[in-house]
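Visitor: Please take a close look at a single part of this chain for me. I am a first-year student, so explain the terms as you go.

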Amino acid sequence: MSLKGNLEAEVEVKTDAKTIHDVFSCRPHHISNMTPEKIQGVDLHEGDLGTPGTVLIWNYVHEGVPKIAKEVVEAIDDVNLSTTFKVIEGDLLTEFKDFKATVKATPKANGEGAIAHWHFEYEKLHEGIPDPHSLLEFTIHMTKDIDDHHMSLKGNLEAEVEIKTDAKTFHELFSCRPHDISKMSPHKIQGAELQRDLGTAAAKLTWHYVQDGIAKYDKEVVEAIDDVNLSITLRVIEGVLMEEYKYFITTIKATPKDNGEGSIVHWNCAYERLHEGIPDPHSLLQYAVEMTKDIDDYHGIIFYLEKRMSLKGNLEAEVEIKTDAKTFHDVFSARPHHISNMTPERVQGVDLHEGDLGTAGTVLVWNYVHEGVPKIAKVIDGDLVTEFKDYKATVKATPKANGEGATVHWHIEYEKLHEGIPDPHPMHARACYPYEQRY
């Protein structure tokens, strides 16, 4: 009985328990990349990786001596995250009748990292064989190397971009309206398909995009939405990125600028590469920054158009007159040069500048007094264009139903040069003054 023994040891690691378990149960052939000074290779001899009964051949260096161990995977427990190896051939069997090693990974209570527990069960060939303390120490250092390797595969990349769009609008776009992004950055984003309700955590989106000239797709789950701090976190669960990364999490946060004009968008990419040959995703982060600028440019155009629309306006008014409609129409269409005789306090003259009276395309120069100030209007030139980008007046005379007189309808369409210009209500009132007083 003194020849049989058990040795145990624990080591805390930053790598999560599932990953540690996955390395020993399903990816032992990768271990030589993680700790090359200790493990030179783990070759599949028989069976399938990730299944009990698989036979592996380990080439390793222990205490400076190259050694070999042929082991069978005796058990894999994916619930308790443990794997048991039994040595069936190799250097260890020159000293041990039986040798079994179990490695179990347990998540730490705080959720950060894990505890790797090693347990050796063995029977020595004779009492002169020492207990395998040095081999247990070897496995502890090997586990630390594996942990360091995985920590080196993890990374965070961050970038900020200043935009003119307000923070709330930008946050709302990613949290509630990601399907609209393809309109704003069509060369990058072709579409965002919804699997669950937008604006809620656990919503799923499938993105179709083009990066480096290649059409790609990724499915993401919304892990968190913070409408107070204006941030959203997305985790990739399927697609092109999963071919290179074990996990990929993106957080987008929009912060209002101190001066209240625009915002700062902060991108954070947290990831773990599958192996060292995978580059850090700098190009993808730059892609996100450029997309952000596209979105901002789009909102800038919309803001400009909305502002332009707010500068445009229409004013209308009607006045009943006793003059018949045809006569009144004739004054404005064919005899505008007579108007100064009919309302001399307001209109001092209407001169023919170009063309023929009574025909479209004719250019007239109006000299008038508005709010006590003498002014000039060529319709396409003059005092009005100092305040209006466009100004158009239409006058229509309609015979009254009883045949006595007419109704004159004035319609002014305009676009102000800026918001400080008032709508032309006084000008509108002046236009409605009854020119018929001379008739």
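Guide: The answer starts with the whole chain, then turns to one helix, and ends with two single residues.

This is a predicted model, in which local features need pLDDT of at least 70 and side-chain atom pairs count only at pLDDT 80 or more, while totals for chains, interfaces and linings use all residues. Residues are numbered from 1 along each chain as its sequence is written, and side-chain values use heavy atoms, with hydrogens and water left out.

The chain has nine helices and 20 strands; helices (H or I, at least four residues) and strands (E, at least two) are DSSP runs, numbered from the N terminus. Its C-alpha trace spans about 135 × 40 × 35 Å along the principal axes. The radius of gyration is 41 Å, whereas a compact globule of 439 residues would have one near 22 Å. That radius is taken over C-alpha atoms, and the globule rule is 2.2 Å times the number of residues to the power 0.38. Of the 439 residues, 42% count as buried. Buried means under 20% relative accessible area, exposed means over 50%, and partly exposed lies in between (1.4 Å probe, protein chains only).

Now the part itself, helix α1. Helix α1 covers residues 17-26 and is mostly covered, with seven of its ten residues buried. The buried residues are A17, T19, I20, H21, V23, F24 and S25. At the N-terminal end of α1, D16 acts as a cap: one of its side-chain oxygens lies 3.3 Å from the backbone nitrogen of K18. A polar contact is a pair of N or O atoms within 3.5 Å; within protein, one must be able to donate a hydrogen and the other to accept it, and residues adjacent in sequence count only if both atoms are side-chain atoms.

Two residues elsewhere can be set beside this helix. H299 lies in helix α6, residues 282-311. H299 counts as buried because its relative accessible area is 16%. Leaving aside neighbours within four places in sequence, H299 is in contact (heavy atoms within 4.5 Å) with T165, T169, L173, R177 and M184.

T255 is found in strand β13, residues 245-256. With a relative accessible area of 34%, T255 is partly exposed. Not counting residues up to four places away in sequence, T255 touches A167, S263 and I264. V265 is ten residues from T255 along the chain, and the C-alpha atoms of the two are separated by 6.4 Å.
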